[in-house]
Amino acid sequence: GFPAQYGARALEGRASYARNVTVGAVTAQTIVGVSNRDYRARRRESYNSGLIAYDRRDLSFGPTATDMIDSPFDVEPGGIGVGWENDIGSRWRQTGAFATADISLPARINLVVGGRVDHYRVRSTDDGLLPYAPTAARDSDDKATWNASLSWNSGGAVMPYLALAKTSALELSQAGDLSTSVIASDSWLSDGDLSEAGLKFQLLRGTLVGSLAAYRQTRTQLTGGPAPTVQGTRAKGAELELRYLASKNLSFTFTGSTQRTTIKGPDNSFTYLPAYAVGVAPALAYGGTYVTYSFASLPGRSGDYDYSLIPHGVVSLYGAYTSPELAFGRAGATLGVTHASHTSGTLQNAVRYPAYSLVNASAFLEHGPWAATINVDNLFDKLYFTPDADVFANLGATPGRGREWRLSLKRTF
């Protein structure tokens with residue numbers, strides 16, 4: 001990895017007032033208030049400029065005394081040596097007022113509404129050796145957000161609901177700071193929205209409980225690298241959860257989700273590229289690094305594209321058994337499988353990583369004040385791969401974790 005050092009300090013104050021209100025057949029639990037949050041952060045990082053982190057020796061040669069050219073963690077007398085490439089000092093303040101009401105209406109209808117208005121002030125500087133963005137930036141803005149949820153309790157087996165929300169969020173980096181580049185580009189405060197409709201239910205005399213929901217969401221995500229940029233995303237999907245109590249001792253749980261996320265172009269983010277993406281044979285690219293400062297400049301990526309680093313579908317089924325009270329105590333076991341669909345890099349015609357299924361198991365034994373538990377993850381030691389993360393997503397693959405087991409012994413007093 002790269003050298004990094006982070007520090008932060010937060011100071012927050014909040015005052016609120018709660019009151020219950022009744023008007024005829026309508027009752028409401030309300031809360032109003034004001035809040036202020038002051039945050040200061042310092043983020044120092046270096047991104048392989050060739051000046052400080054390491055040299056280019058062949059790893060097979062072995063370590064030598066001169067492998068580390070310089071360390072940014074050290075400050076040499078007289079100011080010699082090389083410091084941090086990026087040294088960002090950031091301060092932001094959020095001052096706002098909020099109100100929420102939980103309203104019970106006739107016919108078993110419930111409405112929860114909330115809103116807030118915030119004033120933001122932000123400023124950042126980059127005093128690093130090689131800043132990739134403006135050395136200083138500041139800005140301010142006002143933002144109003146709200147949320148609402150409407151549900152109906154049928155008094156029986158089902159409860160349908162509808163939820164809507166309009167949100168905003170600061171585009172914070174790893175230390176909770178704001179990059180000078182996102183302030184200068186006026187992308188430091190992003191909007192989002194969520195629409196969700198669903199159904200919660202209890203069937204078979206309460207032995208089967210679950211929920212079904214469909215959603216559509218737009219939001220943003222901050223990219224990594226020396227000059228962070230803000231990506232817009234659009235997602236839609238559905239989720240199903242079921243829990244079935246087959247008997248007093250045996251139960252089953254099923255969860256399933258499907259989603260599709262789209263990156264809204266043009267995506268001007270920084271990313272590393274494999275050699276084949278720039279027309280270089282991999283054997284000739286040993287020891288080299290290829291990057292782009294605008295992902296939208298690559299073939300087939302000038303507009304919107306599918307975010308394929310996460311699976312489109314994930315399902316799992318687990319069964320659990322707990323014995324009745326026995327002469328020695330109690331025992332139980334859980335066995336389940338999780339299946340994830342395929343993933344791939346985000347380049348056009350990228351490497352594709354196959355779907356996989358993992359089996360997990362656990363068991364426990366209780367005797368008086370003693371309890372022993374064993375957990376085995378990836379029971380059959382399945383070999384699987386997922387894309388690397390962030391700016392390295394198209395450069396490498398991450399092998400999944402093999403079989404792991406944990407044994408714990410506990411005694412209560």
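These are my notes on the salt bridges in this predicted model.

**Entry 1: the count.** I started with the total and got 16 salt bridges for the structure. I then went through a few of the pairs.

**Entry 2: K143 and D191.** I looked up this pair and found a salt bridge with 3.0 Å from N to O. K143 sits in strand β5 (residues 136–152) and D191 in strand β7 (residues 189–203), so I checked the spacing in sequence too: 48 residues apart, a link between distant parts of the chain. Is K143 buried or exposed? It is buried, because its relative accessible area of 17% falls under the 20% cut-off. D191 comes out as partly exposed, at 39%.

**Entry 3: R234 and D304.** Next I checked the bridge between R234 and D304, where the closest N and O atoms are 3.4 Å apart. R234 belongs to strand β9 (residues 230–245), while D304 is in the loop between β12 (290–292) and β13 (305–306), so this pair ties together parts 70 residues apart in sequence. Both ends are partly exposed: I noted 43% relative accessible area for D304 and 25% for R234.

**Entry 4: R260 and D306.** Here the side chains meet in a salt bridge at 3.7 Å, N to O. I placed R260 in strand β10 (residues 250–264) and D306 in strand β13, with their positions 46 residues apart in the chain. R260 is partly exposed at 42%, and D306 is partly exposed at 28%.

**Entry 5: a network.** Which residues are joined into one network by salt bridges that share partners? I wrote down R9, D38, R40, R91 and R93.

Note on methods: Residues numbered from 1 in each chain as written. Predicted model: local features only at pLDDT ≥ 70, side-chain atom pairs only at ≥ 80, totals over all residues. Heavy atoms only, no water. Salt bridge = Lys/Arg side-chain N within 4 Å of Asp/Glu carboxyl O. Helix = DSSP H or I, 4+ residues; strand = E, 2+ residues; numbered from the N terminus. Buried < 20%, exposed > 50% of the residue type's maximum accessible area, 1.4 Å probe, protein only.
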